Structure formats: structure tokens, C-alpha cells
Amino acid sequence: MPDTVSLHIDGQPITVPAGTTLLNAASLAGTTVPTICYHQHCTANALCRLCVVEVEGARVLAPACVATVAEGMRVHTRNERVERSRRTILELLHSATDVSEAPEIQQQLDDYHADLERFDDCEHREPEIIDDNPMFIRDYSKCILCWRCVQVCAADAQFTYAINFSGRGFETSISTFFEQSLTESSCVFCGQCVGVCPTGALKPKREWLLEQGQAPAEVLAATRGPGKKQRDRK
Amino acid sequence: MSTPQLRQLPNGGHPVQRKLHGNSTVAPDRTVSTTCPYCGVGCNLQLHIKDELIYKVTSDFEHPVNQGNLCVKGRFGYDFIYSNKRVTTPLIRKQAQTPGARTQAIDRSEWREVSWDEALDYTADRLVEIYKRDGEHAMAVYCCAKATNEDNYLLQKIYRALFRTNNVDHCTRLCHAGSVTALLKSINSAAMSNTAAEVIDSDCFIITGSNPSENHPIIGLQMKAAVEKYGSKLIVIDPRKIEMSDFAALWLPLKPGTNVPVFNAMAHVIVNEGLVNREFVEARTTGYADYVKTLDKFTPGYAEEISGVDRNLIIEAARMYARARRGMIFWGMGISQLSHGTASSLGLIHLAFLTGHVGRKATGLNPLRGQNNVQGASDMGAMPFFYPGYQLVDDEKNAQNWEQLWNVEPGGLNRKRGLTTTEILTHAHPGGVRALHIMGENPMMSEPNLNETREHMQQLEFIVAQDLFVNESGAFADVFLPATSWAEKDGTITNTDRRVQRVRQAIAPRGQSRPDWEILCDLAQRIEARLGRPNSAHWNYNSPAEIMAEFGKLDTNYAGVTYGRIERHGLQTPVPHATHPGTPFLFANEFPSGRGKFIPVDYVPIMEPPDEEYPFILTTGRVLEHWHGGSMTRNSALNEIYPAPVVEVNPVDAAWANFTDGQPVRVSSRRGSVVLRMHVTEKARAGVLFMAMHFAEAAANLLTNDALDPQAKIPEYKACAVKIEPAAEQDLPHPDVLTKRGRW
């Protein structure tokens, strides 16, 4: 197998190492392909499909975060077909979840001229906020199921395996097993998941309380918790 | 766990009223890049601040130490700085204290709030009075492995240059003294030889006497990745079934304190099966022939008899490590905190010598340092034998160099080695140590045999505490100097793999608290004026960067480290000059001692083996959620997810005594006793109990043995004989508080 591969990205010829993803190849060619679920430090799973690009001759659009380069490929990172697909993905995301705290998605909605009312009659996901520990809250109404949190909890970083998908279809959500509280799960509260969450679904509790309008002193008192015992000093 | 219910967490997991869409998100006033204050890994933290509240911590995904990953302490455990128990006003005791009758003042009503001037004048007066009356041997200081390099450098400078004493030590004595002594003897260097992250390039690595997934969590992640993604083989040699043993190819569950026979038996196998790296042994070491003769009796069968580890496991481990192309050894307190801690460490060093697994990338001898800056504090000369840079105090040339730098008259500095941490307290009597300055340490939690430590503390004539909290030790003090936390000051700290990194001021000092280096400069000037010394040792620094520039002049390891060069990622010492790129791994060509020395070691049993009255061995350690004496974590939200101590008991032992999980028990040794709940778990080896050291209400160190390693003077925290009896719910310090976590 040759070490390098030559291809065209948006008409521009480029040679990259074999095995390079289309996303990285585009980046080397100076083109930015938009992403949502992709994170440089997580395993790419091609879940959100926002990064799709058109490869000439291919039947369907290719997710750039996982599709790798091949000799002679002609790739279009932003043509009409790609635009339409991305726009629809963004409109669907917006219709079911609260993406108001995801600046990247807000920017993309704008860039692709998404019609925010297109799926207006769709059901909105509104599960209750889960506040079961003093460290962070889980507001899955903002979750776009990018799977970053599941990945870092598993083999991308922590090897703790406390969370995974649960449910099917529209009911799919991220959950601990049997919906235990995090303290009962194998969670170690490292917060790797909070660190990679792109939409504010996972948020440090102190940040969340500040957003609720609490003053710093109240925030600290609330995360210290009720019934804190004085240490017994003899 | 069967009995009481998990107590309600904040908001009890109940649904919370949701605001409608368009929450107002919080924009930080600023974000500040700094280094974590907890363990020796040295993770990068990005503090997000709004109205002086740190409300969120993230990390740089490009950072070489932690790649954006953090643990619960680093990400959420910083709120101790806002604790309402923190003291931010200088305090002096209302009741004058006398030696022998000294009391602990826990309650604030026993203290008088004073101005900084009054507190510092009073401190200087008392210290100078004692020094003038009793001389240099009456003065002693505990430096602090949590404080910055600059703080520690200044504190040892005060006691060496002004009080002319080498009674300067810090908690390294209580953690890695055994390792440091062994490494200095065999190769004349005491730091981790390699970078922890290199573990992914190893073929095989040994973890022994260390629990990285709880105590060095981010190194733990790199180790898990090394096994799961990079195909390295892990050998865990530890009495506890720690989380890492789930990732191990081999787990050798030895009895506490039987390291030497196991390591020597591994060496025996390596020698007898012809797995010795001849080339390395001949080119880089001395003493091999004499050493090999001492291995004869350490057959795997002999080691099995003593340690309880199946001989076949020992043989297999020896082969696995010796046959690897790149083998690493990581160790922790389980090796060093024994009355033969030096011998245990030497046993490991020999394994690396025999196989040549040192001096290359992804090999090496890696004692994982506990505190965020224990490496730095040691580098800064916070030890009784060394000036900064491990320059011996009893070497005339060194003393002259430092006299020149500090502007001390020739012959002024003390050429005699000082007392160690443990010895300072045992010398607290008339004619011995009279004044003790404690910066940030908490001997009343961290010393072994606390009941005796208490008696020693009571004997002191004057105690200065410089800290965030009036902790168990500060409560004995005459004067309390409120210092700022790591988030309120600038400086540098040096992590376990020798990386010097920045700590930056993120928020304004709380109350009247001041950075340690400023407190020390002011105090030093007052002391110097009262002593009437002809020369001034210079105490008018404008910034920590100036302090670093001063010690860089004589400490070649730091000569090339300047604040400008460590803005983003730090530099790994040694950095001998201003353009040197730093040193990821040591000993590529030779050891600082030239050749590595084989120093034969024999098996010495633990000082207090179990017997009929005290049938169990107690071993102590730490848990993920807490830190050492608890001054930080127990004043944090971390205490909410791990609120109470437990003693871990193996199911076999529990069934034998008819104990049930969660039951209150009394654990007693010959020195003390505590009541706490028991947790029945496979993690504990049969016959061995485990307790964490963080909980004042059931302090593990009331039980531990203060027997010392004769060379390193480190106490035997890791093994003492105890008994365990049922206790009543009402005997528990806090019966309603229960730690119950799924992570067990």
C-alpha cells in the first residue's frame, strides 16, 4: 500500500498520508468542514452526520470524520447537496433539543440559513434536569446524543463505563445503568464528560446555579450541601 | 451495603423547576491557566471566574501532562478556598501557652484577631528570643509540599541563613524518604527517572505499593490506556486488589511488608534463568557479583512462604518484566512507608539494573510523588541534609557557595545535618527543639502514633502556624498567619516527573490573607533586624520570579528555568541553561553516581507482626475523593460524596467474625483505637484491613506504628497489628452519615 494518497478537494489537488480522514485532509487543504459530535480527543463515530461531504461517484454522502482518503478521490466539501443535508440535520436538531447553549451549533444554524420553524410542530425533548450530586447537573433536554460523554467515560479516557445509551428512537437518552443516581453508579465524578459536552447538557453545578441567578455565596452553600457535619475534633 | 439509606444529597435528586429556553449563560470575567493543587501529576487547570467565584474548571486538551483530563479533586474540589472555616485574619492565642501544658484551640473564641504587624512582630520577637537563649538547635521548621518552590526556598533560607539551623524538613520524610534514600545510595538521584506518560510506549510495567487510579488518577488513565490500547502488560504487586489490578496481566497479592522477598525472588529468577542484561550490568553497574551471592536463599518458594504469593506468579512476573524490551516500574508509599522502606526500594532498583530497564524512554525507576510540589520542595532544600539542588550541608564548598549568595559571613552557615520531620517532634523537650514553624503541614494528622505526637506538640515552647485553616496542628499554635491558597498567588511547582509549571493568581486574596512568600519576606526582615546581623541576606523581592532567579544561580537543575519559558507547558528539570529544552528521561548515558550500585538487602519482618491479641495487619492509604489530613477536601463539596471513614475488610474475615457490611466496629492497636463503619470488600486481602488517613474523627494514624526505617527515618505507616471488635451505632462519631458509592 502506498504511503501517500493524492486526491482533489473542492477542485484543489492535494497529497496526504494514507489513512487520513477526509476531515483532516480538508483541513490540510485549508478547508474547514463543520462538525458537531466530532472531538479531536474522542473516537469519531459519525453520529451527527453534519460533516458529510460529497465524493464523486459515491451513492451517498460520506461522513468526513471517519471516511478516509482514497487515490483519485474528488471531494466536494460544500456543494448544494451537502448544504441541503447539513441544513436539514441542523433544523432537525433544533426541532427536538435545546441547542441554545451550543455556540458552534448556533453559528452553524446561521451559516446554513436553517429555517428554525421548519419542523415547528415536532415534539421537543424535555426530560427533567437530573440533580443527583454536588458536582454537576445533567439536563438531557440539551443533549444531542453526540456520544462524547459516553466515549470519555469509557475507552477514550476514564475506563469507568458509568454511562451509555438507553432507550430507542426518540426516547434514546444517555443514562447510567437502570437509571441509578450517579453516586450509586460506578461514576468517579472526574467530569471528563462535562469537559467534552458541546451543548451545556452536562454542566458544573456551580455554573448552573449562577445561571439560575444565585449569588456566589449561595452557590457555594448549595454545593456544600445540607446537614454538613462539623468535623469531630477531640 | 445493606443498612442505612444513602443520606439526601443536595436537592436529593428531585426534579428541579426548569427555566424556559434561553437560559442566561454565564460568561466568565476571566479564565486563568494554572496547575492543580492536589497530587503530583500536575494537571493543567483553566479556572473560569465570575465575581471572584471560580465556577467551572476545564483543562487544555493539548497539555502534555493530562491532555484535558482531570479527576474529581482537580475539576470540582477547589471550593475549600471559599470555606467559611477558612481563617483570613492573623490570630494570636488569648491564653499564653506554656511548654507541657499547651492546649489545642479549635474554637475561634480562644484566639484574638490581630493586625499583620502585630502578628509578625510577635512571631519575630518570640523566635529571636528563643534563638538568642537556646541557640540554633532550638529552632525547627516544617516546609510545605503544597506551597510553591519560591515559598519553600524562602522558608528554608530564613531558618538556614538567619537561625543557622538545618532542622528543616517537610512531609517527604513521611512519604518517599525510603525511596529517596535508596535512590541516592544507588544512583545519587532521587527523582522519577522518566515521564509518566511514556508508559504507553512500554511493553511491561510494574505497579507496586501504589494505587494510581485513586492517588494519581491521570497517570492511572495513561496506564489503563497503555494496557487497553497500546498492548503493554501490567504487573500489580500489592496487598490490595486495587482498581488497576482489573487491568493487570498478573496480580501478586503479597502480605504487607514482604516486598523484599518478592523482589529478591524475582531477581533470583532473572539471574537463574539467564535473563540478566549482561551488557548493561557490566557497563553501568558495580557490585553485581557480591549481590548475586545474596540472592541464593530467595527462591520463589521461600518468597511464597513469607509473602503468601504463589511462587508461579513470582516466576511469571520476573520473566514478563525481564523479557520486555522496555519495562517501567512505578511505586508508591507501599514500598517506602515501612521500617525497611529503603531496603524495599533497593529491591526494585536492582530489578531495573538486572534487566537494563533504565536510562531509555519508557523504562525507568518511577517513585510516584504524592504532593503537587513534593518534588519541588525537595529540590528547594526543604530537607535537613541538603541545600537547594541536593547539595549536602556538611560539604564545605557548598556551604561557602550559599554563604556567598545569601551574604552570610564566612563560616556562618551551619555545617551539621539537621533533624528530620519525625525527629524534630521527638526532640521537643527542654534543651532540644523549642520553636516550630509549620507552613501548611498537619503533623497532628500525618504523623504516626498521634497520641504520642500530641504529647510532643504540647512540649514545644512556641509554634507558628501558617496555613488556610486552623487544622489539628495549627490549633496548638501561639500565632496563626493566614496564607493565601494556590488560586490567590503566583509561583511555580514541580510535578512528579520533574516538570516545573506555573501557578497563577486567579482571584484576589480572601480577607487579609497574604501569599506565603510575602509573609516570609516580611517576617525575615523583622527577624534580621532583631538579630542585628552585619549583613542582610536580601529579603526585598518584588515577585516570585526574582526568587526563582536567585536559586537558579546555584541550583543547576533550575538554572535554565525562567517564568518566560514556562508560560504554557513547563519544563522538565534538569534544565542546566537558558536554551536547554528540558529532560524527559534521565540517565541516558550514566548515573549521577557514575555506576549504579547493587546494595544487597535482606528480609526484615515488619516491626509489629500480628499475634493472638492483635490478629490483623492494618495498612493505610488514601481514597480518590480526599487528600491527606483533609484540610482541603473535607472543607469541600468532595466531602459530600465521601463523607465518612470506613475500614475495608475481606469477606472471609468478616464471615469468620460474623460481621456484616456497614456495621460499626472498633479498630484498635497497641497505641489507640477508633470507631467507624466497616466495608466488606474483596479489595482487602484476607488478614489485612485498610483505612484511609483523611478522617480526623477516626484518624488512622492513632493506630499506626511510629517505628522508623533506620536509614530514611520514615515511619511504618503501611503495617501494624490491630484487632477489630463490634461497636454500637452510638459509638460512631457521626452515625447518620454514611458513605455509599457505586464505585466500590
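**Figure 1. Contacts of Met266(B) in the predicted model.** The model shown here and in the other views is predicted. Setting aside neighbours within four places in sequence, Met266(B) contacts Ile314(B), Ala317(B), Ala318(B) and Leu351(B). The largest nonpolar core holds 307 residues. Met266(B), Ile314(B) and Leu689(B) touch the most other members of that core. In soluble globular proteins, nonpolar side chains tend to be buried together.

**Figure 2. Helix α5 of chain B and its packing partners.** Helix α5(B) runs over residues 177-187 and is mostly covered. Nine of its eleven residues are buried. The buried set opens with Ala177(B), Gly178(B), Ser179(B) and Val180(B). Thr181(B), Ala182(B) and Leu183(B) are buried too, as are Ser186(B) and Ile187(B). These buried residues pack against helices α4 (172-175), α13 (333-336) and α14 (341-355) of chain B. They also pack against strands β12 (327-331), β13 (364-367) and β22 (596-597) of chain B. Just after the helix, Asn188(B) takes a positive phi of about 60°.

**Figure 3. The side of chain B that touches chain A.** Here 53 residues of chain B are in contact with 47 residues of chain A. Four elements of chain B each supply at least two residues to this side: β3 (53-58), α1 (72-76), α7 (217-228) and α22 (638-641). By class, the residues on the chain B side divide into 23 nonpolar, 14 polar and 16 charged.

**Figure 4. Domain 1 and domain 2 of chain A.** The domain assignment of chain A gives domain 1 as 4-81 and domain 2 as 136-224. Their C-alpha centres lie 31 Å apart. Eight residues from domain 1 of chain A and ten residues from domain 2 of chain A make the contact. On the domain 1 side, five residues are nonpolar and three are polar. No charged residues occur on that side.

**Figure 5. The fold of chain B as the setting for the close-ups.** Chain B has 23 helices and 30 strands. Its C-alpha trace spans about 70 × 65 × 60 Å along the principal axes. The radius of gyration of chain B is 25 Å, which agrees with the value near 27 Å for a compact globule with 744 residues. Of the 744 residues of chain B, 61% count as buried. Among contacts in chain B with a separation of 6 or more, 75% join residues 24 or more positions apart.

Notes: Residues numbered from 1 in each chain as written. Chains lettered and ligands numbered in written order. Predicted model: local features only at pLDDT ≥ 70, side-chain atom pairs only at ≥ 80, totals over all residues. Core = buried A, V, L, I, M, F, W, Y, C linked by C-beta atoms within 7 Å. Buried ≥ 20, exposed ≤ 12 C-beta atoms within 10 Å, placed from the backbone. Contact = placed C-beta atoms within 7 Å. Nonpolar A, V, L, I, M, F, W, Y, C, P; charged D, E, K, R; others polar. Domains from an automatic or database assignment. Rg over C-alpha atoms; globule rule 2.2 N^0.38 Å.
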